[in-house]
Amino acid sequence: MTTAASMDYETTLKGKYPAKRHAQRVADYIRNKVPGASGVLYLEGRATKLLEDNDEAEPFRQRRYFYYLTGCPLADCHYMYDLDADKSTLFIPPIDPDSVIWSGLPVSVDEAKQRWDVDDVRYTSDVNATLAQVGSTKPKGSSVFAIPSQVSDKVTFLEFDNKNFSILKEAIEVTRVVKDEYELAIMAKANEISSDGHKAVMQKVKHVQNERELEAVFLGHCIAKGARNQAYHSIVASGRAAATLHYVPNNADMAGKLNLLLDAGGEWDCYASDITRTFPINGKFTKESREIYDIVLKMQNECIAALKEGVLWDDVHLLAHKIAIDGLLQIGILQGDKDEILESRTSVAFFPHGLGHYLGMDTHDTGGNPNYADKDTMFRYLRVRGRLPAGSVITVEPGIYFCNFIIEPFLKDPKHSKYINADVLDKYWDVGGVRVEDNLVITKDGTYNLTTAPKDPEEMEKIIQQS
């Protein structure tokens, strides 16, 4: 089986990000939806923006739609792709002598041509003139395809008969679901750095007093390895805080608490990793913690084994709930008939979120088609609905949580309370929450796992104990 460790991603990453091929795939999608489409695709990168009441720039995050067609991480850039000529043009900021004093020389036109997979590079001062020149050569009825609210006021499309602001965003979002070899290499790199960061936190967990120290360990590791940006705000949740799915503070003292849930992922070249591990702070799971951990790990392993091209994600999510119910019945938290428990949706009290989501340039990546209005509580928060294509990357992140706010209404509702043994449940509140999350590439016959962070319970205990 292919794994991140066996991928020769460093060789792949010596090449250029395949921006031109991405543009062609997006163009093919548009032509399929708009037969005879003629004209240009137009995109803008993220503009430099100052902090409110300050002369410092906000932290910069490149627009993902722009990056997908350019591979360019620079601020204040523009892009045009001529559908008829199959020609891409990147517009970069010209030299500003005042800025050079503070920030040094910017990327030049020649350097940009060398770095990025585009056919032509010009300065942003040439955008309107280039659009006008290209538009004047187009047949009647040609269009400019752009994204609403992502076109500067100074840009004009006067030479184009039609302005289509509806299809380009959709085309990029759908196309992004299936990754090419280069994108998978970037994500393997992000996963390797982040997996090592998780192990570094395991090695420190019993030697610190506060969650923020462990957040610093992970961030420091990522930055030292070249992954300066995080895919999302890290979740460093000790004890009962792990029952909060997107716990934010990361500043609680850890004394007297059982477990740490670490959900953290660094980013490499605008692509995310998203990894969760749960482990004992003192290096040894309690009986209750280990029981829950083993259920969650079984949920993950069996769901991964069920994955391949064409599998319906709803079915895999349902499988996770069935395994959770079996496990919680075995340890006595749930009671009664397992089919009735599944039908009543009582397991949602302990596993309230979806099994996973697409992963790519965004942590919750595009193309999942969720239905948050679904009246079925088991599927309401499922971020992917539909069949999984080969080449997509999806997280598999089952969890079991002991959150008072979520569980107490179930205990007060006779429909659910008859299936929950409150006396047994009382022994598990301090477990907090357990989640295990890996990043899986879907293939024709199965998957391969990009994530290498330790998750075997004995291995994690050994790492912590020997630290």
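These legends walk through four close-up views of a predicted model.

**View 1. The largest pocket and the residues around it.** Welcome to the largest pocket of this model, which has a volume of about 690 Å³. Its lining is made up of 23 residues. If you would like to find the centre, look for Thr48, Ala75, Asp76, Ser99 and Ser103, the lining residues that lie nearest to it. Which helix gives the largest share of the lining? That is helix α4 (residues 97-103), with four residues. Sorted by character, the lining of the largest pocket holds 14 nonpolar residues, four polar ones and five charged ones.

**View 2. An open sheet of six strands.** Reading across this sheet, you meet the strands in the order β4-β3-β2-β1-β5-β6, and their pairing is mixed. Which strands stand at the edges? They are β4 (120-123) and β6 (162-164); each has a single partner strand, so one side of each is left without a neighbour in the sheet. On average, neighbouring strands here are turned by 20° against each other, direction ignored. For a closer look at one pair, follow strand β2 (residues 78-82) and strand β3 (residues 87-92), which run antiparallel and are joined by five bridges. A handy landmark is His78, which stands opposite Phe91 in β3. As a general reminder, the strands of a sheet pair through backbone hydrogen bonds, either parallel or antiparallel.

**View 3. Two helices that meet the six-stranded sheet.** Here the view turns to the helices α2 and α6. Helix α2 (residues 19-33) lies across β1 (39-44), β2, β3 and β5 (143-145). How is helix α2 angled relative to β2? Helix α2 runs at about 60° to that strand. Helix α6 (residues 127-136) also packs on the sheet, where it touches β1, β2, β3 and β4. The direction of helix α6 makes about 10° with that of β2.

**View 4. An open sheet of three strands.** This sheet has the order β12-β15-β16, with antiparallel pairing. At its edges you will find β12 (393-396) and β16 (447-449), each with a single partner strand, so one side of each is left without a neighbour in the sheet. From one strand to the next, the twist averages 35°. How many bridges link β12 with strand β15 (residues 438-442)? There are four, and the two strands pair in the antiparallel sense. To pick out one bridge yourself, start at Val396, whose bridge partner in β15 is Asp438.

Methods
Residues numbered from 1 in each chain as written. Predicted model: local features only at pLDDT ≥ 70, side-chain atom pairs only at ≥ 80, totals over all residues. Heavy atoms only, no water. 1 Å grid on protein atoms, 1.4 Å probe; cavity = no way out; pocket = protein on both sides within 12 Å on 5 of 7 lines; lining within 4 Å. Points joined across faces, edges and corners; volume = space filled by probe spheres on them. Nonpolar A, V, L, I, M, F, W, Y, C, P; charged D, E, K, R; others polar. Pairing = 2+ DSSP bridges. Axes fitted to C-alpha atoms, helices over the stretch in contact; angles between N-to-C directions. Contact = heavy atoms within 4.5 Å.
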